[in-house]
Amino acid sequence: MSDIQTQFVKNILSGAETNRKETGLAFAPSNIALCKYWGKRHAALNLPLNSSLSISLGSLGTRTELRLRDGAAAAPAVFLNGELLPPDSSFAKRVAAFLDLFPMVGTSFEVRTENNIPTAAGLASSASGFAALTMALNDLAGWGLGGRMLSMLARLGSGSASRSVFDGFVQWHMGSNDDGSDSFAEPFSKPWPEFRIGILELTDAEKPVGSRDGMNRTVETSALYANWPAQANADFQTLHSAILKRDFPTVGQTAEHNALSMHATMMSAWPPLIYLQPESVAMIHQVQRVRADGLDVYLTIDAGPNIKLLFLEENEGAVASAFPNIQVINPFG
Ligand code: DP6
């Protein structure tokens, strides 16, 4: 907990009244970035070096129940899918650090987090996890905060959590203020019911370096990173207007180019960050092959080896025969 985080939380809550209950409950969807967040201009406030844009995964995400415990200040009891986590596990420590920012709500909590996202599929659970935790806290404290404020609080837990506060297509404006007051997410565009995401679970190998350390290392050591913020901000604009126009090929191409460009900055970091496994590279080639044969399918990849495909409902059958192990998600279903 830093002074700047404490001040940030105070500013957000300055107009809110507290009507505290014993428990708070919330669900937040997982999200997949079509324009990636990669690199921070401020670590404690998770302020990004570029704007990003994502699609939320409907009913796939995290449900969190938060309960106040009696007694003296203590580390929270954090349960993940029914199991009590050791207090020194990385998720429990991050949850504890986040809840420490809210001593006005309580000093001892029980947190029950249930993920219905296949954990091995490389879908970020910290995004939906911190979004659901923030929303459960808002429910418990009775602040009645709106989406913009919730997204800024969730951002303190994990940058990508700012986008998981909302359904559908979401944009996270990077902002320019040093105090973080203009860096928030908001939804845009109507639902696109034909939009599909395919999850290809290629390996459940632990990734050696998490997103947080990976992006810091990239910013510090990759010469290619200098070009990233400008490209990402341009991709953001292109994706934004292509989504509004329902121009699927432009959405797919821009998302794929954005993801592979992010991986180029990762690989040019030192020590190098190579999240792709041989299976990932083989799959990238296969996507290019089926696209050359006329199938309108594109890919995106986060800081891990697994691939997500982007396509429209009309091609679901063809995509499923080209990629038999695919799990199809309808984000608006
Ligand atoms: C590659 O949001 O996990 O998934 O803010 O340090 O918690 P922290 O990082 P995190 O990074 C996500 C990186 C990404 C791209 C994205 O989701 O935009």
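Q: Which residue in β8 does Ile55 stand opposite?
A: Phe169 in β8 is the residue opposite Ile55. The model is predicted: local features need pLDDT of at least 70, side-chain atom pairs count only at pLDDT 80 or more, and totals for chains, interfaces and linings use all residues. Residues are numbered from 1 along each chain as its sequence is written, and side-chain values use heavy atoms, with hydrogens and water left out.

Q: What makes β4 and β8 a pair of strands?
A: Four bridges join β4 to β8 (residues 169-172). Two strands pair if DSSP finds at least two bridges between them. Four meets that rule, so β4 and β8 count as paired. The two run antiparallel.

Q: Which other strands pair with β4, and by how many bridges?
A: Eleven bridges join β1 (residues 23-35) to β4. Seven bridges join β4 to β7 (residues 109-115). Both counts satisfy the bridge rule, so β1 and β7 are each paired with β4. β1 runs antiparallel to β4, and so does β7. Cys35 stands opposite Leu53 in β4. Leu66 has Val111 of β7 as its bridge partner.

Q: Why is β4 described as largely enclosed?
A: 13 of its 17 residues (52-68) are buried, so the rest of the structure largely encloses the strand. Buried means under 20% relative accessible area, exposed over 50%, and partly exposed in between (1.4 Å probe, protein chains only).

Q: How many helices and strands does the chain hold?
A: The chain has nine helices and 13 strands. These are DSSP runs numbered from the N terminus: helices are H or I with at least four residues, strands E with at least two.

Q: What makes the overall radius of gyration agree with a globule?
A: The rule, with the radius taken over C-alpha atoms, is 2.2 Å times the number of residues to the power 0.38. For 333 residues a compact globule would come near 20 Å; the chain has 20 Å, so the two agree. The C-alpha atoms fill a box of roughly 65 × 40 × 40 Å along the principal axes. Of the 333 residues, 53% count as buried.

Q: What makes Lys40, Arg163 and Arg212 polar contacts of the ligand?
A: A polar contact is a pair of N or O atoms within 3.5 Å; within protein, one must be able to donate a hydrogen and the other to accept it, and residues adjacent in sequence count only if both atoms are side-chain atoms. Lys40 places a side-chain N or O atom 2.6 Å from a ligand oxygen. For Arg212 the separation from a ligand oxygen is 2.7 Å. A polar side-chain atom of Arg163 lies 2.8 Å from an oxygen of the ligand. Each distance is within the cut-off, so each qualifies. Alone, the ligand exposes 460 Å², of which the protein buries 95%.

Q: Which residues come nearest to the ligand?
A: Tyr37, Lys40, Ser158, Gly159 and Ser160 come nearest, out of 17 around the ligand. A residue belongs there if one of its heavy atoms lies within 4 Å. The shell divides into five nonpolar, six polar and six charged residues. Helix α5 (residues 211-221) supplies the largest share, three residues.

Q: Why is Ser183 called buried?
A: Its relative accessible area is 0%, so Ser183 is buried. Ser183 lies in the loop between β8 and β9 (185-187). Its side chain makes a polar contact of 3.0 Å with that of Trp172.

Q: Why does Ala72 count as exposed?
A: Its relative accessibility is 64%, so Ala72 is classed as exposed. Ala72 sits in the loop between β4 and β5 (77-80). Its C-alpha atom is 7.2 Å from that of Ser108, 36 residues apart along the chain.

Q: Why are Asn81 and Arg246 called partly exposed?
A: Asn81 has a relative accessible area of 38%, so it is partly exposed. Arg246, at 30%, is also partly exposed. Asn81 is in the loop between β5 and β6 (83-84), and Arg246 in the loop between α6 (228-245) and α7.

Q: What is phi in Asn81 and in Arg246?
A: Phi is about 50° in Asn81, positive although the residue is not a glycine. In Arg246 phi is near 55°, again positive in a residue other than glycine.

Q: Where is a cis peptide bond found?
A: A cis bond joins Trp270 and Pro271, with omega about -5°. Pro271 lies in the loop between α7 (248-267) and α8 (278-292).

Terms used: Areas by Shrake-Rupley, 256 points an atom, 1.4 Å probe, with all protein chains shown as cover. Nonpolar A, V, L, I, M, F, W, Y, C, P; charged D, E, K, R; others polar.
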